Amino acid sequence: MLHNSLGKSWLGKPKRRLNFRFLKSLQDIDWFLMILSIVLTLVGTVAIHSTELDTPDYQTSFQHTLVGAIGLGLALMIARSNYQNLLNWKWVIYGITNISLLLVMFIGTTALGAQRWITIGGFNIQPSEFAKLGMIITLAALLEQKTAENIPAIVKSLSITAFPWLLVFIQPDLGTSLVFGAIILAMLYWGNAKLGWVVLMVSPLVSAILFGVYFPGWLVWVNLMGVVAWFTLPWRWISSLLATAINVICSELGVILWGLLKDYQRDRLILFLAPEKDPLGGGYHLIQSRIAIGSGQLWGRGLYQGTQTQGSFIPEQHTDFIFSAIGEEFGFVGAVCLIVLFWLFCLRLVIVASTAPDNFGSLICIGTLAMIVFQLVVNLGMTIGLAPVTGIPLPWISYGRSALLTNFMAIGIVQSVARQRPKKRSRY
């Protein structure tokens with residue numbers, strides 16, 4: 001009897017209790033947000049599979065599904081932990097982020113004209129993708145200690161994030177460096193920085209673009225920045241003159257830097273405005289993408305029935321231009337449904353951020369939101385001709401193992417924040 005009772009106690013009940021404890025620890029996560037992540041990953045699998053029908057082993061779509069399953073497991077494991085423990089590891093995470101980006105410069109693998117990957121065990125890992133999450137955690141920890149209510153706090157945050165940004169920019173990886181910028185600006189604003197300060201930080205880039213595109217608009221913008229500085233910064237006269245001078249100087253620097261670019265680099269930035277100028281070169285991707293999306297019309301040609309998709313007319317369609325396959329085979333209705341899924345996803349992120357128990361958790365959610373929204377807007381824009389081709393993937397949809405794992409890990413931390421919310425607010 002004693003042996004039987006011990007057997008039941010040690011062999012039966014603990015296993016059931018362990019399973020029950022694991023499920024109980026996940027009962028407070030935002031399951032709607034998690035389900036949306038899974039649905040978007042499956043949509044990506046279907047779209048990627050459609051682009052590789054001429055490949056007998058369907059390796060790309062299989063890997064996307066496999067990495068998605070691994071990412072989901074990581075997300076659930078991270079969700080069970082306490083995200084506040086990351087505060088004690090912020091500098092370790094920051095150091096690992098910078099070391100991994102430095103290693104790319106020395107032992108990185110070059111592909112498609114850029115050195116962005118490290119090959120480990122036959123797999124290419126892109127540190128810049130994980131660096132986005134590392135920067136979100138580091139910046140959130142800094143703003144948790146001291147909010148961006150004054151200029152010194154903003155300068156400190158920008159100086160710390162400048163180094164990993166620079167390492168990504170010189171790879172060169174323009175797309176990811178732009179994502180970094182969007183994350184930093186969004187988190188600073190959420191961390192109590194004045195909107196005028198955020199606008200002033202972006203203003204030199206806008207001035208450089210307007211100076212070469214529309215001179216009257218540039219004059220208006222430069223003077224407007226002087227007004228913004230007058231109302232938002234101390235020492236009004238000095239700040240206003242300094243803001244105006246910085247915008248003028250950056251405009252001139254923009255002209256100089258533009259002249260230093262090679263022809264193909266300039267074409268990549270402006271060719272989206274008129275891709276017909278080089279239909280067989282730099283404009284080929286965009287022309288074929290617009291043909292594919294336009295041919296989908298309202299309801300689409302049907303899964304595996306897209307002529308552009310099945311004919312492999314669009315290079316790298318399973319990565320940066322995956323939306324063109326969705327637009328062609330599922331039409332306008334399918335594209336809108338996908339955008340609605342992303343809208344619901346972002347809405348849940350905002351809800352978790354606004355109900356987070358502390359600033360650290362809230363800032364992590366906003367950083368994740370900025371990362372997803374910026375990539376979504378730019379990717380959709382470049383596939384329909386509203387933005388330059390920058391190589392930014394569509395979250396959860398485009399093929400990319402490092403990007404997919406990063407997205408799931410970020411959601412895992414967000415779910416950890418959701419678990420810690422006060423129970424009275426869990427109705428959201």
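Me: What does buried mean for a residue in this predicted model?
Reply: The model is predicted. Buried is a matter of relative accessible area, computed with a 1.4 Å probe. The cut-off for buried is under 20%.

Me: Which residues of helix 9 are buried?
Reply: Helix 9 covers residues 215–232. Its buried residues include two glycines, Gly-217 and Gly-226. The full set is Gly-217, Trp-218, Trp-221, Val-222, Met-225, Gly-226, Val-228, Ala-229 and Thr-232.

Me: How far apart are the end C-alpha atoms of helix 9?
Reply: Helix 9 has 18 residues. At 1.5 Å a residue, the helix should span 26 Å. The model agrees, because the end C-alpha atoms are apart by 26 Å.

Me: What share of the protein's residues counts as buried?
Reply: The protein has 16 helices and three strands. It has 428 residues. The share that counts as buried is 46%.

Me: What share of the exposed area do carbon and sulfur atoms supply?
Reply: The protein exposes about 21,600 Å². Of that area, carbon and sulfur atoms supply 70%.

Me: Of the contacts with a separation of 6 or more, what share joins residues 24 or more positions apart?
Reply: Only contacts with a separation of 6 or more enter this count. Residues 24 or more positions apart account for 71%.

Me: Are helix 2 and helix 16 roughly parallel or roughly antiparallel?
Reply: Helix 2 spans residues 31–50, and helix 16 spans residues 401–419. Their axes are 11 Å apart, at an angle of about 170°. Angles over 145 degrees count as roughly antiparallel. So helix 2 is, relative to helix 16, roughly antiparallel.

Me: How many charged residues are in the contact of helix 2 with helix 16?
Reply: Helix 2 brings Leu-33, Met-34, Ser-37 and Thr-41. Helix 16 brings Leu-404, Phe-408, Ile-411, Val-414 and Gln-415. By class, six are nonpolar and three are polar. The number of charged residues is none.

Me: Are helix 12 and helix 14 roughly parallel or roughly antiparallel?
Reply: Their axes come within 6 Å and cross at roughly 30°. Angles under 35 degrees count as roughly parallel. Helix 12 and helix 14 are therefore roughly parallel.

Me: How many residues in the contact of helix 12 with helix 14 are charged?
Reply: Ser-289, Ala-292, Ile-293 and Ser-295 of helix 12 meet Phe-323, Ser-324, Gly-327 and Glu-328 of helix 14. Three of these residues are nonpolar and four are polar. The number charged is one.

Me: Is Asn-379 buried or exposed?
Reply: Asn-379 lies in helix 15. Among the residues it touches are Asp-320, Phe-323 and Ile-392. Its relative accessible area is 0%, so Asn-379 is buried.

Me: How far apart in space are Asn-379 and Pro-393?
Reply: Asn-379 touches Pro-393. The two are 14 residues apart in sequence. From C-alpha to C-alpha, the distance is 6.2 Å.

Me: What is the phi of Gln-297?
Reply: Most residues other than glycine have a negative phi. Gln-297 is in the loop between helix 12 and helix 13. Its phi is positive, and the value is near 50°.

Me: Is Tyr-304 exposed or partly exposed?
Reply: Tyr-304 lies in the loop between helix 12 and helix 13. It has a positive phi of about 70°. Exposed needs over 50% relative accessible area. The value for Tyr-304 is 32%, so Tyr-304 is partly exposed.

Notes:
Residues numbered from 1 in each chain as written. Predicted model: local features only at pLDDT ≥ 70, side-chain atom pairs only at ≥ 80, totals over all residues. Heavy atoms only, no water. Axes fitted to C-alpha atoms, helices over the stretch in contact; angles between N-to-C directions. Helix = DSSP H or I, 4+ residues; strand = E, 2+ residues; numbered from the N terminus. Parallel < 35°, antiparallel > 145°, perpendicular 65-115°, else oblique. Contact = heavy atoms within 4.5 Å. Nonpolar A, V, L, I, M, F, W, Y, C, P; charged D, E, K, R; others polar. Expected span 1.5 Å × (residues − 1). Areas by Shrake-Rupley, 256 points an atom, 1.4 Å probe, with all protein chains shown as cover. Lists of a residue's contacts leave out its neighbours within four places in sequence.
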